[in-house]
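Trainee: I am new to this structure and would like to go through it with you, one question at a time.
Mentor: Gladly; please have the sequence and the model open before we begin.

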Amino acid sequence: MSDDLFKKLVSHCKEYGFIFQSSEVYDGLAAVYDYGPYGSELKNNIKKYWWMSMVQMHENIVGIDSAIFMHPKTWKASGHVDAFNDPMIDNKDSNKRYRADQLVEEYVERKVMKKADKEIEKARKRFGDAFNEEEYKTTNPRVMGYLEKSKTILTRLNTSLTNEDLEDVKNLIEELEIACPESGSRNWTDVRQFNLMFNTQLGTIAGEAGKLYLRPETAQGIFVNFLNVQKTTRQKIPFGIAQIGKAFRNEIVARQFIFRMREFEQMEMQFFVKPGEQQKWYEYWKEARLKWHTAIHPTESLKFHDHEKLAHYADAAADIEFKFPFGFRELEGIHSRTDFDLSAHQDLSGRKLQYFDPEINENYVPYVVETSIGLDRMFLATMGNALQEETVPDADGKDSTRTVLKVHPALAPIKCAVLPLLKNKEELTGKAREIFNSLKSSFNCQYDEKDAIGRRYRRQDAIGTPFCITIDFESLEDNMVTIRERDSLKQERIAISDIEKVVSERVDMKLLFA
Ligand code: ATP
């Protein structure tokens, strides 16, 4: 999907009631969004698909719903108070704040790699089929120079960040003569660490002691409840705890629509395993999660990215990346988190967070493999993948373009639209209403009688409705209706008494597990 299509996607989301800017009447709040009627249906269906695959389909995974506020010590133990930081820098002329690492990365992308890509594209055209990109990259002096430059800059950035040498990050920005995109000036402050947690104050306790955080991840609610859940559900290791809920991060630069938000939703699962068995389960969950994605997304739009630089708590980590319009980016993380979190909570709280393993008659702190996906990012991936423009024959057989959301029927916000052929014919609308009423308790339906039938079809295409039912004069005679399928545009006559069964079968979540 190109930049242009991405813009279309954003406006489609607004125009058709999927996503609105938060507090739009006040000109909006940056990086905060509201889901509209169709957006919240789609979002709920994605949640349901995840919950089914994790909780319902696994005897040894149970779900919880923990609070957003947690005891502040939680975030001390987890490392978020001390280390959940991004390096920031301000431009003194525009007063705009940037992530220092991103300024450098963008420089590399725009000023260095783009030149290399241009050379490569020129050569591809020149050499045609005989072009070997890999060979060209390792032999053409100009391209080699660009690649080398990019590597040198990024290695220096990573080393400085790892060593917390923020002075060198600033030096790098100055040496590369990076200017503020807004003011064009190079008048920068020093680089400082910026903690991404939002905080608020408990009403009854003044000062530091009453400081509360809005959780930046849902995982910690699972860790601190580990024994409560294990004991009450009598789970044996290996077992998992799943949760869907809001998380908050004060992102310095939040862009790209719902890709990076300040308030977002996560779907996380912590899988508790015997120490030493984490590698096996890490591999298991990588595969299982990829399969979950490939049931709705084309394989070529997904890939793994193994982390070389690991977080302080991890012994292995990979992202599942999705091909967003702006390139392959993280959609989900699979992390082998060792016993870091449980041990840290055990140490700071003084309470044992250990599992008694009846098989070996021993207590231990389990290891954890987690899967963590952003619901909003999944929403963006799903919409991006599904939204298409295509040329189809219209009623008179002429070509016309339609915008269609080819979302999997099981995820579609509305499953079936019920359309009387004409608006002013009581016999037709009465019959259509009757059908609508008989279907509405089975799945999400919409009754629509306004405008010509072709326009109504287009409206349903745009919100991804997989089936449209049309009631015409013949229906009154033979109790048959026309069912139109969104993607193939195939139209069939079926009995009114069969509609419920036909649609239910084709929108069933089960299809995603086939
Ligand atoms: P990124 O590198 O993109 O900032 P992260 O590595 O910090 O992401 P995790 O802490 O692993 O992300 O969070 C798990 C998942 O939560 C991510 O894979 C992503 O889908 C989602 N996520 C994280 N931050 C945001 C955000 N600001 N807005 C929307 N989704 C987010």
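Mentor: Before we start, a polar contact here is a pair of N or O atoms within 3.5 Å, and please keep in mind that this is a predicted model.

Trainee: With that cut-off, which residue has a backbone N or O atom 2.9 Å from an oxygen atom of the ligand?
Mentor: The cut-off for such a pair is 3.5 Å, and the distance you quote, 2.9 Å, falls within it. The partner on the protein side is a backbone N or O atom, and it belongs to Gly374.

Trainee: How much of the ligand does the protein bury?
Mentor: Taken alone, the ligand exposes 590 Å². Of that area, the share buried by the protein is 82%.

Trainee: Which residue has an N or O atom in its side chain 2.8 Å from a nitrogen atom of the ligand?
Mentor: A nitrogen atom of the ligand is also 3.5 Å from a polar backbone atom of Phe259, but your question concerns a side chain. Among the residues that come nearest to the ligand are Arg260 and Met261, and the list also includes the one you are looking for. The side-chain atom at 2.8 Å belongs to Glu251.

Trainee: Which strand gives the largest share of the shell around the ligand?
Mentor: Three strands each supply at least two residues of this shell, namely strand 10 (263–273), strand 13 (327–338) and strand 16 (367–374). The largest share amounts to five residues, and these come from strand 13.

Trainee: How many residues of the shell around the ligand are charged?
Mentor: There are 15 residues around the ligand, and they fall into nonpolar, polar and charged groups. Four are nonpolar and five are polar, while the number of charged residues is six.

Trainee: Turning to the domains, which three residues supply 45% of the area that domain 1 buries against domain 3?
Mentor: The domain assignment places domain 1 at 38–79 + 196–386 and domain 3 at 408–513, and their C-alpha centres lie 39 Å apart. Where the two meet, 13 residues of domain 1 are in contact with 13 residues of domain 3, and about 1,100 Å² is buried between them, with 77% of it from carbon and sulfur atoms. On the domain 1 side, the three residues that supply more than any other three are Tyr38, Asn45 and Tyr49.

Trainee: Finally, which residue is joined to Ile237 by a cis peptide bond?
Mentor: The omega angle of this bond is about 10°. The partner lies in the loop between helix 10 (226–233) and strand 9 (239–248), a loop that also holds Arg234, whose phi is positive at about 50° although it is not a glycine. The residue joined to Ile237 is Pro238.

Technical notes:
Residues numbered from 1 in each chain as written. Predicted model: local features only at pLDDT ≥ 70, side-chain atom pairs only at ≥ 80, totals over all residues. Heavy atoms only, no water. Near = heavy atom within 4 Å. Polar contact = N/O pair within 3.5 Å; in protein donor to acceptor, adjacent residues only side chain to side chain. Areas by Shrake-Rupley, 256 points an atom, 1.4 Å probe, with all protein chains shown as cover. Helix = DSSP H or I, 4+ residues; strand = E, 2+ residues; numbered from the N terminus. Nonpolar A, V, L, I, M, F, W, Y, C, P; charged D, E, K, R; others polar. Domains from an automatic or database assignment. Contact = heavy atoms within 4.5 Å. Buried area = accessible area lost by both parts, 1.4 Å probe.
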